[in-house]
There are 2 protein chains.
Amino acid sequence: MIKPIQDLVDSLSRLPTIGRKSAWRLALYLIERPQEELDVLSSSIVSLKSSIRLCSNCFNYSTSPLCEICASTSRDRGLICVVEKPMDAFAFEKTGTYRGLYHILGGVLSPLNGVTADKLRIAQLKNRLKQTDVHELILGLGSSAEAETTCIYLARLFGHESFKVTRLARGVPAGIDLEYLDQITLDNALHERTDISYR
Amino acid sequence: MIKPIQDLVDSLSRLPTIGRKSAWRLALYLIERPQEELDVLSSSIVSLKSSIRLCSNCFNYSTSPLCEICASTSRDRGLICVVEKPMDAFAFEKTGTYRGLYHILGGVLSPLNGVTADKLRIAQLKNRLKQTDVHELILGLGSSAEAETTCIYLARLFGHESFKVTRLARGVPAGIDLEYLDQITLDNALHERTDISYR
């Protein structure tokens, strides 16, 4: 095939979620689109990194020194949710109910892969907790072994401070048949069952 | 989410094969890549259309007035395979065994969708067949109702000329269990069975 198409297919198929076939389909689709559309796509790609920096407070992606959430006056500044990566904070934002701030750790502990505590933004979190009056620290981490380990590590580190340290509830996810639920989840849901009696 | 990421996600999720979730994953992946990689991707997109033209002989994508295949001296110039779109010609090229030229129709007949014979490159094909000494015209079209109709239309148009008009064999595709094959395919394979006896 001719070089300009081949080059694009090569670039596209290096991306995650795009296989060789999809890359071809995309390239041949793009040839037929108006030039303005290609210009828009191209410029959002090329300017992506230069237009984005990390918020100096929570380390989330931002266009200004302080991100929109940290700069907002309507959020509870005493509530911080620790998450692994920007996408996780975005997932919390989509619920529309969380009113606190975030702290992006930049990963979870995984000593075997070289991710020790000093590779994460734990020192920065310590600093933040010293400088601001926090009433609750939510550990909004996942349920992988590494995330659980990180959770325990942070709970030990901050568990004796004046603020509350909480972690996400473990239990039955929405819209699932119990029949197909794994043992660990069901066991967690059973152990952490909630009292709903009228007493 | 912040605008530069949102813009890219919007552009990406308008593309075929890329859903909203994949678009997010791609955008967040691209943020972490080196700027040079984004530059390469961006410039292959922006220059795609301007670097590509249609071959004046077969109407396939090309970087020069005559495409590589039409310009080649090692191909059989008397053998033309009519295909719907450039991707189909590319599929034939991948087999590595076809040594003739192509003619890109630019679609198949679909009068209900406004695709009548004058919308396809049939006049150009007629012209080509007049000007060159062709010994065989292969109708390399698919098996949709529209493709079959186009095949019949072209067979009627050129069936009485001095050259042979053929169509692709219909039968059992590679690597499939007959049990799961549809009735029409099996019926075609049975009717067009090949004699392999030693006589």
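Copies here are superposed by least squares on the C-alpha atoms of residues with pLDDT of at least 70 in both. On that basis, a turn of 180° and a shift of 0.0 Å along the axis lay chain A on chain B with an RMSD of 0.1 Å. That is the relation of a two-fold axis. The same surface serves both copies, since 100% of the contact residues of chain A recur in chain B.

Some housekeeping. This is a predicted model, where local features need pLDDT of at least 70, side-chain atom pairs count only at pLDDT 80 or more, and totals for chains, interfaces and linings use all residues. Residues are numbered from 1 along each chain as its sequence is written, and chains are lettered from A and ligands numbered from 1 in the order in which they are written.

Back to the axis. Which residue of chain A comes closest to it? A:S42, with its C-alpha at 2.2 Å.

Now the interface. Contact means that two C-beta atoms, placed from the backbone, lie within 7 Å. By that rule, 38 residues of chain A are in contact with 38 residues of chain B. Helix 1 (3–13), helix 2 (20–31), helix 3, strand 2 (61–62) and helix 5 (86–95) of chain A each give two or more residues to this side. Helices (H or I, at least four residues) and strands (E, at least two) are DSSP runs, numbered from the N terminus. Helix 3 of chain A brings the largest share, nine residues. By class, that side of chain A has 23 nonpolar, 10 polar and five charged residues. Ala, Val, Leu, Ile, Met, Phe, Trp, Tyr, Cys and Pro count as nonpolar; Asp, Glu, Lys and Arg as charged; the others, Gly among them, as polar.

Next, two helices of chain B. A residue is buried if 20 or more other C-beta atoms lie within 10 Å of its own, exposed if 12 or fewer, and partly exposed in between, with C-beta atoms placed from the backbone.

Start with helix 1 of chain B. Its buried residues are B:I5, B:L8, B:V9, B:S11 and B:L12. Seen down the axis, they fall within an arc of 165°, so they line one face of the helix. The arc is that of the directions from the helix axis to the C-beta atoms. Against what do these buried residues pack? Helix 3 and strand 2 of chain A, together with helix 2 of chain B.

On to helix 2 of chain B. B:A23, B:L26, B:A27 and B:L30 are buried there. They cover an arc of only 100°, which puts them on the same side of the helix. On the other side, B:K21 and B:Y29 are exposed. The cover over the buried residues of helix 2 includes helix 3 (35–46) of chain A, plus helix 1 and helix 3 of chain B.

Last, two residues in loops of chain A. A:T17 lies between helix 1 and helix 2. Its phi is near 70°, a positive value in a residue other than glycine. A:T17 is partly exposed, because 14 other C-beta atoms lie within 10 Å. A:F59 sits in the loop between strand 1 (53–54) and strand 2. Phi of A:F59 is also near 70°, positive in a residue other than glycine. Buried or exposed? A:F59 is buried, with 21 other C-beta atoms within 10 Å.
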